[in-house]
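Here are a few exercises to work through with the model open. Try each task before you read its solution.

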Amino acid sequence: MSDTLKKVLLGAVVGALLVMFYAHVTGERAKRDPAARSGAPQGGPSPSAGRPGAGGGGFSQMPVAVVTAPVLSEKINFEIEALGTTRANESVDITAKVVNQVVAVRFTEGQQVARGQVLVELDAEQVRADLAAAEAALAESRSQYKRSRELYTTKVLSDSQIEQIEATYKANEARVASARARVNDTVIRAPFAGRVGLRRVSVGSLISPGTVITTLDDTSTVKLDFTIPETGLSAVQPGLVINASSVAYPDVNFAGEVSSIDSRVDPATRSVTVRALIPNPSGLLKPGMFLTVRLSRGAVDALLVPEEALVPEQGD
């Protein structure tokens, strides 16, 4: 083999190796840069150069705009919001003590009545007769007792006789008191001042103990019972001012104050019942109404940041 042929073969082998090397390098570069795979120019700058994350993870040299705000220290009022139910300051079902017949109804539904005002009268004919008989017996025994005391001083009557006469006199006094009480039971009066509810009996109705004639509520002041979590106990005390609102009167604010706090915390809900008193001169509030209660826990020092700076995560 001549020297010329050897040189040609050696050159061909070297050329083949260069082609293979170039192909390997190009393939590796295409794996790292998809733009090179599509035939984009490799020598010039990439169109995405200068953007964050471009150029194989390099950082952008362009500035990023940041909005800042100072953290403020101010006093703010912490409020507790709860739901409560109204109750009458005094409330009672008007009933009879005895079985009897209604002979007169002396009130109208929804009427404001005074303490001691007659509401219903029952048949009293029989009990008044019993009272008259008891009073007659008492008058006779009283007269006999006075005469016997005079005779006793003259030793005409013995000790046992005067004692028997005295016992009869006292027994008749008790009978009169009992008969008078039965007469009083035939007149049903308002135990306190308030507003009566619906009438549930009519004249001629035969009622018995436990039969509800009507209801009586004193709503000049209403009680508002609501519950708060035990974490708010330290901020609640008698005399604390509260504000309440009702869906029935959305534009009216009902102001009152805490009157008492229950002595026990409910172990199931970890809450405690609080009772507030709300003046109700206009009578807008009725027993059983649903009110939203707001009470202040007082002003505290707090650091304030813009709400836009907060990022919620899983409800926190």
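Two strands count as paired if DSSP finds at least two bridges between them. Keep in mind that this is a predicted model.

**Exercise 1.** Find which strands pair with strand 2, and in which sense.

*Solution.* Start with strand 4 (residues 118-122): strand 2 pairs with strand 4 in the antiparallel sense, over three bridges. To place that pairing, look at Val105, which stands opposite Val120 in strand 4. Next, take strand 7 (residues 206-207), which also pairs with strand 2 (residues 100-105) in the antiparallel sense, here over two bridges. On this side, Asn100 sits opposite Ile207.

**Exercise 2.** Work out which elements build the largest nonpolar core, then look around Leu224.

*Solution.* The largest nonpolar core has 21 residues, and Leu224, Phe226 and Ile228 are among those with the most contacts inside it. Two or more residues come from each of strand 1, strand 8 (212-229), strand 9 (241-246), strand 10 (249-261), strand 11 (271-279) and strand 12 (290-304). Now zoom in on Leu224: beyond its neighbours within four places in sequence, its contacts include Gly84, Ile242, Ala244, Ile278 and Val293. Don't stop there, though: a second, separate core of 16 residues includes Phe107, Val113, Ile188 and Val201.

**Exercise 3.** Is Val71 buried or exposed? Say where Val71 lies and which patch it helps make.

*Solution.* First, locate Val71 in the loop between helix 3 (54-57) and strand 1 (72-95). Its relative accessible area is 52%, so Val71 is exposed. Finally, add its partners: Val71, Leu303, Val305 and Leu310 make a nonpolar surface patch of about 410 Å².

Note on methods:
Residues are numbered from 1 along each chain as its sequence is written. This is a predicted model: local features need pLDDT of at least 70, side-chain atom pairs count only at pLDDT 80 or more; totals for chains, interfaces and linings use all residues. Side-chain values use heavy atoms; hydrogens and water are left out. Patches are made of residues with over 30% relative accessible area and no salt bridge: like charges are joined within 9 Å, nonpolar side chains (Val, Leu, Ile, Met, Phe, Trp, Tyr) within 5 Å. Accessible areas come from the Shrake-Rupley method with a 1.4 Å probe; for residues, only the protein chains shown count as cover. A salt bridge is a side-chain nitrogen of Lys or Arg within 4 Å of a carboxyl oxygen of Asp or Glu. Helices (H or I, at least four residues) and strands (E, at least two) are DSSP runs, numbered from the N terminus. Buried means under 20% relative accessible area, exposed over 50%, partly exposed in between (1.4 Å probe, protein chains only). A nonpolar core is a set of buried Ala, Val, Leu, Ile, Met, Phe, Trp, Tyr and Cys residues joined through side-chain atoms within 4.5 Å. Contact means heavy atoms within 4.5 Å.
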